[in-house]
Amino acid sequence: MKLTTLQVVLGVTLAAAEAQCGHQWTAPGPDDFRGPCPMLNTLANHGFLPHNGRNITKDITVNALSSALHFNKTLAALMFEMALIANPAPNATFFTLDNLNVHNVLEHDASLSRSDAFFGNNHVFNETIFDETRVYWTGPVLDANMLANGKVARQLNSKAFNPKYTFTSTMEQFSLGEVIAPIVAFGDLEAATVNRTLVEYFFRNERLPTELGWSIRPGVVSLDNISKLTGIMGNATSLITTAQPVVSTRDLHAGSFF
Ligand code: HEM
Ligand code: MG
């Protein structure tokens, strides 16, 4: 592929910006651990988390989520505590990205971009699965409905074709958190929307979409932001409509419909 001068200049500028912050993106090597979470993989690729994907402590998690995404300390610490159960060692003080791959602990079926464990690798990005989700991303700006439709479609597909399909109410809460995550990282917290291009780039490259113009939000993300968005997303997964239908049976009987 021949690079244009502009691409070279942009690439060099981006590399310089990332290097200045000490968080240049580097692809994982063969001995580095990576897991089912595109964001933790991304943060490891940028060196916010250990690049080898090992020994992720509470301090490391809080610093990473705070400096890369402006999560407040309480939220980041809570997320670390939830992750810790993935390390089977008693009284563990860290987890690894590989710990997260164990099926039905934190990793679950019907992921947006990964295969169900029953069908194969449950943690490497899978474009075919991602396409199943993206069919429902019908505009350039993703809203709660589009994101929810992708989630529900993946669940329906798994429920129909995976004889081991499992989705507990705890998994549903995690899953809602994962579906809103792109909004939290790259989108508008108030409008509950996010630019589709940024999200696709992030999933495919496990890289912060800096070269597409994204930069860290100025404000801080709190548990309150997450709870509100999770509520919006939960409602958006319902297949029941609430608006009044335009035509009533009375109109039909009176013949006024025609
Ligand atoms: C998925 C863990 C933070 C975005 C997952 C999964 C795990 C996980 C185990 C796999 C679930 C599945 O089977 O699909 C964690 C832990 C975190 C963390 C332990 C912090 C300590 C974040 C953050 C974001 C994020 C901060 C972005 C703001 C996502 C997304 C998915 C996901 C978008 C869905 C991937 C898919 O369905 O293909 N995470 N995560 N995560 N995570 Fe994280
Ligand atoms: Mg999964």
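Where in the fold is the place of C37? In this predicted model, C37 belongs to the loop that links α1 (5-20) with α2. That makes a good starting point for a walk through the structure, since C37 leads us straight to the ligand.

Look at the iron atom of ligand 1. Its single donor from the protein is C37, which reaches the metal through its SG atom at 2.3 Å. C37 is also listed, along with H108, S111, L112 and S113, as one of the closest of the 22 residues surrounding ligand 1.

Now turn to the oxygen atoms of the ligand, where you can pick out several polar contacts. S113 places a polar side-chain atom 2.6 Å from an oxygen atom of ligand 1. With L112 the partner is a polar backbone atom, found 2.7 Å from an oxygen atom of the ligand. E107 joins in as well, with a polar side-chain atom 3.1 Å from a ligand oxygen. Beyond these contacts, helices also build the shell: α2 (38-45), α3 (58-69), α4 (73-84) and α7 (169-186) are the elements giving two or more residues to it. Sorted by class, the shell holds 15 nonpolar residues, four polar ones and three charged ones.

Next, let us step back to the space itself. Ligand 1 takes up the largest pocket, which has a volume of about 1,100 Å³. Its lining counts 44 residues, and nearest the centre are C37, M79, F174, G177 and E178. So we meet C37 once more, as iron donor and as part of this central group.

Which elements supply at least two residues each to the lining of the largest pocket? They are α2, α3, α4 and α7, together with α8 (196-205) and α9 (223-236). Of these, α7 gives the most, with 12 residues. The lining residues divide into 31 nonpolar, nine polar and four charged.

Note on methods: Residues are numbered from 1 along each chain as its sequence is written. Chains are lettered from A and ligands numbered from 1 in the order in which they are written. This is a predicted model: local features need pLDDT of at least 70, side-chain atom pairs count only at pLDDT 80 or more; totals for chains, interfaces and linings use all residues. Side-chain values use heavy atoms; hydrogens and water are left out. A residue is near a molecule or strand if one of its heavy atoms lies within 4 Å of it. A polar contact is a pair of N or O atoms within 3.5 Å; within protein, one must be able to donate a hydrogen and the other to accept it, and residues adjacent in sequence count only if both atoms are side-chain atoms. On a 1 Å grid over the protein atoms alone, a cavity is a set of points where a 1.4 Å probe fits but cannot get out, and a pocket is an open set with protein on both sides within 12 Å along at least five of seven lines; lining residues have an atom within 4 Å of a point. A molecule sits in a cavity or pocket if more than half of its atoms lie within 2 Å of its grid points. Helices (H or I, at least four residues) and strands (E, at least two) are DSSP runs, numbered from the N terminus. Ala, Val, Leu, Ile, Met, Phe, Trp, Tyr, Cys and Pro count as nonpolar, Asp, Glu, Lys and Arg as charged, and the others, Gly among them, as polar. Donors are N, O and S atoms within 2.8 Å of the metal (3.2 Å for Na, K and Ca); water is not among the atoms, so sites may look incomplete. Grid points are joined across faces, edges and corners, and a volume is the space filled by probe spheres set on the points.
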